[in-house]
Amino acid sequence: AYFTGIAVGNCSINVDPNCLGIKILNGYTGTITQANAMTLGVEGLIVYGGTFVGASQAIISSGPIRQYGGAFTATSGLMTIASQGNTVETFCIKGGTAFTHNSGSIKVSGATNAIVNSIYRNEAASLVTRNLNNFEMDSPGVLSGKMSLAGNFTRTQGTVLDAEVTLSGDYLPLAGGSSSSGSGRITFSGSNVQNFSYPYVPNVT
């Protein structure tokens with residue numbers, strides 16, 4: 001489904017679209033509102049313009065979810081994204097965009113590597129205005145990119161951590177998280193007590 005700006009009416013997604021993907025282009029200035037669980041195919045959800053407002057229902061995407069412009073409010077429920085490999089971003093938010101995590105959770109699953117950026121590419125890691133909330137890497141692949149998390153970071157067994165993660169919540173490995181390989185770093189930055197329940201990470205500050 002393409003929102004191009006030829007017609008600029010608002011849209012409520014009140015049934016599961018079960019489509020290849022949704023692309024919101026620069027010319028579209030309306031608002032797309034989630035009102036049902038959403039299943040997206042290999043084209044995922046790409047936001048260049050307009051406004052996407054998530055609700056509480058799940059979003060499941062076989063393709064990437066990326067924001068390059070416009071305004072994007074995530075679902076307050078679970079957004080599950082298939083890992084896209086090490087040449088393209090699985091999830092990213094570009095600088096200068098309006099992103100709201102809505103207290104929701106993002107889960108990346110699959111057998112391949114994943115690049116995840118809430119702090120986009122070469123931006124300073126201290127830029128934390130675009131927090132994600134809870135994030136889970138459910139994959140044996142390599143996790144890379146830069147993330148700032150207002151909630152918890154969950155990492156399954158075998159994940160190689162090459163990402164830079166600034167974390168306000170807890171580190172919660174699943175299935176033991178028994179790999180400390182990778183060049184990444186977790187920086188604990190919360191103002192309250194944070195739990196670090198299993199010591200398998202490459203670097204901690």
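## Close-ups of a predicted model

**View 1. Strands S17 and S20 run side by side.** In this predicted model, S17 teams up with strand S20 (residues 164–167) in the parallel sense, and the pairing spans four bridges. Zoom in on Met147 and you'll find Val165 of S20 standing opposite.

**View 2. Strand S17 is covered on both faces.** Here we stay with S17, which takes in residues 146–149. In a regular strand, side chains alternate between the two faces of the sheet. For S17, that puts Lys146 and Ser148 on one side, with Met147 and Leu149 on the other. Is this quartet buried or exposed? All four are buried, the lysine included.

**View 3. Five strands make an open sheet.** Follow the strands across and the order reads S2-S4-S6-S9-S12, with parallel pairing. Strand S2 (11–13) and strand S12 (98–100) sit at the edges, each pairing on one side only. Ignoring direction, neighbouring strands of this sheet are turned by 10 degrees against each other on average.

**View 4. Strands S6 and S9 pair within that sheet.** This one picks out two members of the five-strand order, S6 and S9. Strand S6 covers residues 51–53 and strand S9 covers residues 71–73; they pair in the parallel sense over three bridges. Which residue of S9 does Val53 face? Thr73 stands opposite.

**View 5. Cys92 is tucked away in strand S11.** Look for Cys92 in strand S11, a run of residues 91–93. Its relative accessible area is 1%, so Cys92 counts as buried, the cut-off being under 20%. Setting aside neighbours within four places in sequence, what does Cys92 touch? The contacts are Ile65, Arg66, Gln67 and Tyr68, plus Asn117 and Tyr120. Another residue to find in this view is Ile46: it is 46 residues away from Cys92 along the chain, yet their C-alpha atoms are separated by 9.8 Å.

**View 6. A cavity sits inside the model.** How many cavities of 30 Å³ or more does the structure hold? Just one. The largest cavity has a volume of about 40 Å³. Its lining is made up of Ala74, Thr75, Met79, Phe99, His101, Gly104, Ser105, Ile106, Leu132 and Asn133. Sorted by class, that gives five nonpolar residues, five polar ones and no charged ones. Phe99, one of the lining residues, also falls within edge strand S12 (98–100) from View 3.

How values were computed:
Residues numbered from 1 in each chain as written. Predicted model: local features only at pLDDT ≥ 70, side-chain atom pairs only at ≥ 80, totals over all residues. Heavy atoms only, no water. Buried < 20%, exposed > 50% of the residue type's maximum accessible area, 1.4 Å probe, protein only. Pairing = 2+ DSSP bridges. Axes fitted to C-alpha atoms, helices over the stretch in contact; angles between N-to-C directions. Contact = heavy atoms within 4.5 Å. 1 Å grid on protein atoms, 1.4 Å probe; cavity = no way out; pocket = protein on both sides within 12 Å on 5 of 7 lines; lining within 4 Å. Points joined across faces, edges and corners; volume = space filled by probe spheres on them. Nonpolar A, V, L, I, M, F, W, Y, C, P; charged D, E, K, R; others polar.
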